[in-house]
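Visitor: I'm new to this one, and I'd like a close look at a single part: the sheet. Could you walk me through how it is put together and what lies around it?

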Amino acid sequence: MTGPVRRRAVRRATAPAGPPPVVAPPAVPPVVVPPVPDTPDTPDTPDGTGTDAAATGQTAPVTATSEETPLAEPRADGGRGRPALDLLIWDAPNIDMTLSTVIGARPTAASRPRFDAIAAWFVDGAGDPAAPDAPEVEACVFANIPPVVGSLQRWVEALRGFGYAVFARPKSQPDDDIDQAMLDHIEVRAHSHRLRRLVVFSGDGRNFAEPLEELARTGTQVVVVAFSEVAGYAIGSDLLEFIDIEDVPGAFAAPLDRVRLDALPPDGAWLRPTRSLRDFVSNWTARRSS
């Protein structure tokens, strides 16, 4: 974030510049918005919908720009003239995969994170919204969508009802990912706002370690939230803060079936295998023979 700023053409869906514009309601009596339907993957919350963005300090939508419009140069005042922002980035593929690894099974509705509680924790960390220096808040979930959507449509709509913007990309190939889209959005917000706090839910150190540490050097508070079993890049960093996702209040309806090495009981604990020994040896032998 130091030195001359690299100008780049504004990308389209592959590099989101923020949530899509909100269509202003017509000048008619207000319409009551029905609650977001419950889904097996996302617990509902009584007050998760119908919240006015301006009242909660959410960022205004980014307007569409043409291909010729470059990113603005950073202000000479170090960003003090730009609005402060607390930004949450959720790496859905990584969190889902690492959750499966940690509990040794496919996640169920009972073992998936509660996005309503996580939203409350994040907004609470932004401080008093009435304070003169209160930051805007924005939470974004990045997801790959397989060809067979299934219940994901309801999951996405539930997230939007909780106040999250969702960037969804089709997953047509096994290696399709949304890592660059997340990094692009962080970069856009670092230019459009004074990024005060960045909370990244991801255990992907390969893609995030270097850019997050670079951002932390500029003065942004960078917090990585993931499972301690797979977040060594953040735990071992002198620049990044780390929080185990299960330590976020209310993030899970019940304690996960896991043993954390950073919270072992005094007498020790058994860590069960996450796969059958025979299955592993069978696959290992097949790979060696091929």
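Guide: Let's start with a word we'll need all the way through: a residue counts as buried when its relative accessible area is under 20%. By that cut-off, buried residues make up 38% of the 290 residues in the protein chain. Keep in mind that this is a predicted model.

Now for the overall layout. The protein chain has 8 helices and 6 strands, and along the sequence they follow the pattern α-β-α-α-β-α-β-α-β-α-β-α-β-α. Among contacts with a separation of 6 or more, 75% are between residues 24 or more positions apart.

On to your sheet. It is an open sheet of 6 strands, and the order across it is β3-β2-β1-β4-β5-β6, with parallel pairing. At the edges sit β3 (165–170) and β6 (241–244), each of which pairs on one side only. Going from one strand to its neighbour, the turn is 20° on average, ignoring direction. As a bit of background, strands of a sheet pair through backbone hydrogen bonds, either parallel or antiparallel.

Let's zoom in on β1. On one side, β1 pairs with β2 in the parallel sense over 7 bridges. Two pairs to look for are L85 opposite E136 and L88 with its bridge partner A139. On β4, too, there are 7 bridges to β1, again running parallel, and here A84 has R194 as its bridge partner.

How covered is β1? Buried residues account for 8 of its 8. In a regular strand the side chains alternate between the two faces of the sheet. You can follow that here: A84, D86, L88 and W90 point one way, L85, L87, I89 and D91 point the other way, and all are buried.

Next door, β2 is mostly covered as well, with 9 of its 10 residues buried. Its link to β3 consists of 6 bridges, and those two strands run parallel; F142, for instance, stands opposite F167. A good residue to click on is A143, which lies in strand β2. The relative accessible area of A143 is 3%, so A143 counts as buried. What does A143 touch? Leaving out residues up to four places away in sequence, A143 touches A92, P93, W155, F167, A168, R169 and I178. A168 is 25 residues from A143 in sequence, yet their C-alpha atoms are 5.0 Å apart in space.

Over at the other end of the sheet, β5 and β6 are joined by 4 bridges and run parallel. There you can find V224 standing opposite F242.

So much for the strands; now for what is packed around them. In soluble globular proteins, nonpolar side chains tend to be buried together. The largest nonpolar core here has 32 residues, and those with the most contacts inside it are W90, Y164 and F201. The elements that each supply at least two residues of this core are β1 (84–91), α2 (92–103), α3 (115–125), β2 (136–145), α4 (152–161), β4 (194–201) and β5 (221–226). Have a look at F201 in particular: not counting residues up to four places away in sequence, F201 touches L88, I89, W90, D91, I95, I118, W121, V225 and I245. There is also a second, separate core of 26 residues, including F142, A165, A181 and A190.

Helix α3 shows how a helix fits in with the strands. Its buried residues are F115, D116, A117, I118, A119 and F122, and what covers them includes β1, β2, α4 and β4. After α3 comes G127, whose phi is positive, near 90°.

One last stop is a pair of helices. The axes of α5 (residues 179–192) and α6 (residues 205–217) come within 11 Å and cross at roughly 5°. With an angle under 35 degrees counting as roughly parallel, α5 and α6 are therefore roughly parallel to each other. From α5, the contact is made by D179, M182, L183 and I186, and from α6 by N207, F208, P211 and L215. Sorted by type, the residues of this contact divide into 6 nonpolar, 1 polar and 1 charged.

Key. Residues are numbered from 1 along each chain as its sequence is written. This is a predicted model: local features need pLDDT of at least 70, side-chain atom pairs count only at pLDDT 80 or more; totals for chains, interfaces and linings use all residues. Side-chain values use heavy atoms; hydrogens and water are left out. Axes are lines fitted to C-alpha atoms, for helices over the stretch in contact, and angles run from 0 to 180 degrees between N-to-C directions. Angles under 35 degrees count as roughly parallel, over 145 as roughly antiparallel, 65 to 115 as roughly perpendicular and the rest as oblique. Contact means heavy atoms within 4.5 Å. Ala, Val, Leu, Ile, Met, Phe, Trp, Tyr, Cys and Pro count as nonpolar, Asp, Glu, Lys and Arg as charged, and the others, Gly among them, as polar. A nonpolar core is a set of buried Ala, Val, Leu, Ile, Met, Phe, Trp, Tyr and Cys residues joined through side-chain atoms within 4.5 Å. Buried means under 20% relative accessible area, exposed over 50%, partly exposed in between (1.4 Å probe, protein chains only). Two strands pair if DSSP finds at least two bridges between them.
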